[in-house]
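Got the model open at the bench? Let's walk through it together.

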Amino acid sequence: MSIAAESVAGEKERGTMATLLATPINRRDIALGKVLAITLIGLLIATSSAIGIFAGLPSIMQGAVDMNVYGPTDYLLLVLVVVSATLLVVVLITMVSALARTTKEAGMYLTPLMIVVMLVGILGMFGGASDEVAYYFIPLYNAVQCMIGIFTFDFQPANVAVCVLSNLVYTGAGVLALQRMFNSERLMFAR
């Protein structure tokens with residue numbers, strides 16, 4: 001969250017965004033580059049956390065958990081869901097950060113978004129994965145539903161595909177909106 005806030009709002013605050021936008025680079029490319037760079041950092045953090053969880057879980061659960069019960073397909077589907085959800089969250093955070101004039105203001109704007117993301121994650125603790133395909137079109141909630149399904153061996157490949165594809169479509173729409181935001185002189189040069 002802080003990296004995305006610094007990436008856009010921080011550059012606006014320091015005045016380096018004006019220099020960046022004055023270069024002959026297309027603003028769409030700047031927006032896409034920011035999203036991809038922040039996504040890469042987010043995925044590295046997620047990978048580090050996952051390695052820590054998978055390494056520590058058997059000892060925490062005193063041997064009651066065997067991570068070998070999941071096959072390569074399960075892990076591949078999990079990676080697809082996590083990557084698509086990460087892209088979506090990064091785009092949302094970057095859009096909110098683009099609205100802010102300072103990093104402090106961006107942090108203030110991002111707090112409600114992070115609360116919503118945490119609440120969606122908490123909702124996943126109640127019940128199993130739904131079979132209704134409509135739930136897999138709901139941003140963020142669809143990733144929770146897919147992860148529940150994958151971890152409980154109760155997933156439908158079509159639902160996972162709907163989740164990943166819808167997250168990618170939402171991410172694409174977010175990148176287009178971010179591009180429009182970067183094209184707005186009033187928004188980018190607001191102090």
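Here are some questions and answers on the fold, the core and the surface.

This is a predicted model, in which local features need pLDDT of at least 70 and side-chain atom pairs count only at pLDDT 80 or more, while totals for chains, interfaces and linings use all residues. Residues are numbered from 1 along each chain as its sequence is written, and side-chain values use heavy atoms, with hydrogens and water left out.

Q: How many helices and strands are in the chain?
A: Helices (H or I, at least four residues) and strands (E, at least two) are DSSP runs, numbered from the N terminus. Along the sequence the pattern reads α-α-α-α-α-α-α-α. That gives eight helices and zero strands.

Q: Which helix gives the most to the largest nonpolar core?
A: A nonpolar core is a set of buried Ala, Val, Leu, Ile, Met, Phe, Trp, Tyr and Cys residues joined through side-chain atoms within 4.5 Å. The largest one here has 46 residues, and Val 81 and Ile 93 are among those with the most contacts inside it. Helices supplying at least two residues each include α3 (27-60) and α7 (157-183). The top contributor, with eleven residues, is α4.

Q: Is Ser 84 buried or exposed?
A: Ser 84 sits in helix α4, and beyond its neighbours within four places in sequence it is in contact (heavy atoms within 4.5 Å) with Val 164, Asn 167, Leu 168 and Thr 171. Buried means under 20% relative accessible area, exposed over 50% and partly exposed in between (1.4 Å probe, protein chains only). Ser 84 has 2% relative accessibility, so it counts as buried.

Q: What is the area of the nonpolar surface patch that includes Met 118?
A: Patches are made of residues with over 30% relative accessible area and no salt bridge (a side-chain nitrogen of Lys or Arg within 4 Å of a carboxyl oxygen of Asp or Glu), with nonpolar side chains (Val, Leu, Ile, Met, Phe, Trp, Tyr) joined within 5 Å. Met 118 lies in helix α5 and is exposed, with a relative accessible area of 53%. Together with Ile 115, Leu 119, Ile 122, Met 125 and Phe 126, Met 118 makes a patch of about 660 Å² (Shrake-Rupley method, 1.4 Å probe).

Q: Which residue forms an aromatic pair with Tyr 135?
A: Rings of Phe, Tyr and Trp (its six-membered ring) pair if their centres lie within 6.5 Å; planes under 30 degrees apart count as stacked, over 60 as edge-to-face and the rest as tilted. The structure holds one such pair, at 6.0 Å centre to centre and 65° between the planes, hence edge-to-face. The partner of Tyr 135 is Tyr 141.

How values were computed: Patch = residues over 30% accessible without salt bridge, like charges linked within 9 Å, V, L, I, M, F, W, Y side chains within 5 Å.
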